[in-house]
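Welcome, and thank you for opening the viewer. Please load the structure, turn on a cartoon view, and keep the selection tool at hand for the stops below.

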Amino acid sequence: MGKSHAKLTECDPVWDQIKSEAMAAVSDEPLMGGLVHSSILHHKSLESSLAYRTSMKLASNEMPEQILREICDWAYRSDPDIGTAARADIVAVYDRDPACDRYILPLLFFKGFQALQAYRISHWLWREGRRDMARFFQMRVSEVFGVDIHPAAKIGKGIMIDHAHSIVIGETAVVGDNVSMLHSVTLGGTGKEEEDRHPKIANGVLIGAGAKVLGNIKVGHCSRIAAGSVVLQEVPPCKTVAGVPAKIVGEAGCDQPSVRMDQLLGVR
């Protein structure tokens, strides 16, 4: 009889790092043990952990945690890309946010990351035709995190939403991969039109705090939008725009603005 080959253990370096940090966190602060165990160490996968965190955060008297947990678990089983995107989002936060020195932090404490993962479940529900449940998720994310993302919006992976308060992303908005945005960013419409009416943000864009991008316009890849700007016209790739209304003020300054996170306009 031939020998059976041993199977390699599935490799998941992000989840392995999170578990390692979780054990260290419990050792350093035993009073955090209950939270860390229930959120991370009791789970066999990042998907299971995220389903638990999302359902606990969004549960209310109107919708119990158990039902939300089942929905999240079903979404992660049905679409593995949701978990892949979550891993990319965690790495993005760790790489770009100087306040994030451990992979465990977004999962436990950062509402931008948590709101984004809840949006990913609502987007799955929307694509499945479960529109009312998707809208319930949107409502609860807005109430709990102060982040309002329409479940029909399309958002890529490797996204960092820093601080995240008062983020608004409209129904027909599209956000590419590896985009970074800060608090109070709006990707909105300009009136009551009902068709394709929201911005299209390409890969690698950096959107500063308080920036408003309005209308069905394109923001080219690897561009920068300065804090407080109001963008009403298309932005070419690899440019920096600033002002109200925003105008081109120079080049992007580097090949990956969303990763470098340099928000100064040539001032040192």
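In which helix is the place of Pro-106? Select helix H6, residues 104-108, and you will find Pro-106 there. Keep in mind on this tour that you are looking at a predicted model.

**Stop 1: around Pro-106**

Show Pro-106 as a surface within the whole chain: its relative accessible area is 0%, so Pro-106 is buried. Now select its surroundings. Setting aside neighbours within four places in sequence, Pro-106 is in contact with Val-93, Cys-100, Phe-113 and Gln-114. Pick the C-alpha atoms of Pro-106 and Val-93 and you should read a separation of 7.3 Å, for two residues that are 13 apart along the chain.

**Stop 2: helix H7**

Next, select residues 111-127, which form helix H7. H7 has 17 residues, and from its first C-alpha to its last it reaches 24 Å, close to the 24 Å expected at 1.5 Å a residue. How many of the 17 residues of H7 are buried? The count is 15, so H7 is largely enclosed by the rest of the structure. Step just past the end of H7 to Gly-129, where the backbone takes a positive phi of about 85 degrees.

**Stop 3: H7 beside H8**

Keep H7 on screen and add helix H8, residues 131-145. The two helices pack at an angle of about 170 degrees, with their axes 8 Å apart. An angle over 145 degrees counts as roughly antiparallel, and H7 and H8 are therefore roughly antiparallel to each other.

To see where they meet, show these side chains:

- From H7: Lys-111, Gln-114, Ala-115, Ala-118, Ile-121, Ser-122, Leu-125 and Trp-126.
- From H8: Arg-131, Met-133, Ala-134, Arg-135, Phe-137, Val-141 and Phe-145.

Colour them by class, and the contact of H7 with H8 shows ten nonpolar, two polar and three charged residues. You have already met Gln-114, which is also one of the contacts of Pro-106.

**Stop 4: H8 across H3**

Leave H8 visible and bring in helix H3, residues 46-58. H3 and H8 pack at an angle of about 75 degrees, and their axes are 9 Å apart. This pair is therefore roughly perpendicular. On the H3 side, select Thr-54, Lys-57 and Leu-58; on the H8 side, select Phe-137, Arg-140, Val-141, Val-144 and Phe-145. By class, the contact of H3 with H8 divides into five nonpolar, one polar and two charged residues.

**Stop 5: Leu-58 and Arg-140**

Zoom in on Leu-58, which is found in H3. Is Leu-58 buried or exposed? At 2% relative accessibility, Leu-58 counts as buried. Not counting residues up to four places away in sequence, Leu-58 touches Leu-68, Ala-118, Phe-137, Arg-140, Val-141, Val-144 and Phe-145. You can also pick the C-alpha atoms of Leu-58 and Glu-143, which are 85 residues apart in sequence and 8.9 Å apart in space.

Now turn to Arg-140, whose place is in H8. Arg-140 is charged, yet at 12% relative accessibility it counts as buried. A polar atom of its side chain lies 2.8 Å from the backbone oxygen of Leu-58. Among the residues that Arg-140 touches are Lys-57, Ala-59 and Ser-60.

**Stop 6: H3 across H5**

Return to H3 and add helix H5, residues 80-96. Their packing angle is about 85 degrees, with the axes 10 Å apart, and the two helices are therefore roughly perpendicular to each other. Show Leu-46, Glu-47 and Leu-50 in H3, then Gly-83, Ala-86, Arg-87 and Ile-90 in H5, to see where they meet. These residues divide into four nonpolar, one polar and two charged.

**Stop 7: three loops**

Finish with some backbone details.

- His-163 sits in the loop between strands E3 (160-161) and E4 (167-169). Its phi is near 70 degrees, a positive value in a residue other than glycine, and at 53% relative accessibility His-163 counts as exposed.
- Cys-222 lies in the loop between strands E11 (218-219) and E12 (224-225). Its phi, near 55 degrees, is positive too, while at 14% relative accessibility Cys-222 counts as buried.
- Pro-245 is in the loop between strands E14 (239-242) and E15 (247-251). Look at the peptide bond leading to Pro-245 from Val-244: this bond is cis, with omega near -5 degrees.

Definitions and conventions: Residues are numbered from 1 along each chain as its sequence is written. This is a predicted model: local features need pLDDT of at least 70, side-chain atom pairs count only at pLDDT 80 or more; totals for chains, interfaces and linings use all residues. Side-chain values use heavy atoms; hydrogens and water are left out. Helices (H or I, at least four residues) and strands (E, at least two) are DSSP runs, numbered from the N terminus. The expected span of a helix is 1.5 Å times one less than its number of residues. Buried means under 20% relative accessible area, exposed over 50%, partly exposed in between (1.4 Å probe, protein chains only). Axes are lines fitted to C-alpha atoms, for helices over the stretch in contact, and angles run from 0 to 180 degrees between N-to-C directions. Angles under 35 degrees count as roughly parallel, over 145 as roughly antiparallel, 65 to 115 as roughly perpendicular and the rest as oblique. Contact means heavy atoms within 4.5 Å. A polar contact is a pair of N or O atoms within 3.5 Å; within protein, one must be able to donate a hydrogen and the other to accept it, and residues adjacent in sequence count only if both atoms are side-chain atoms.
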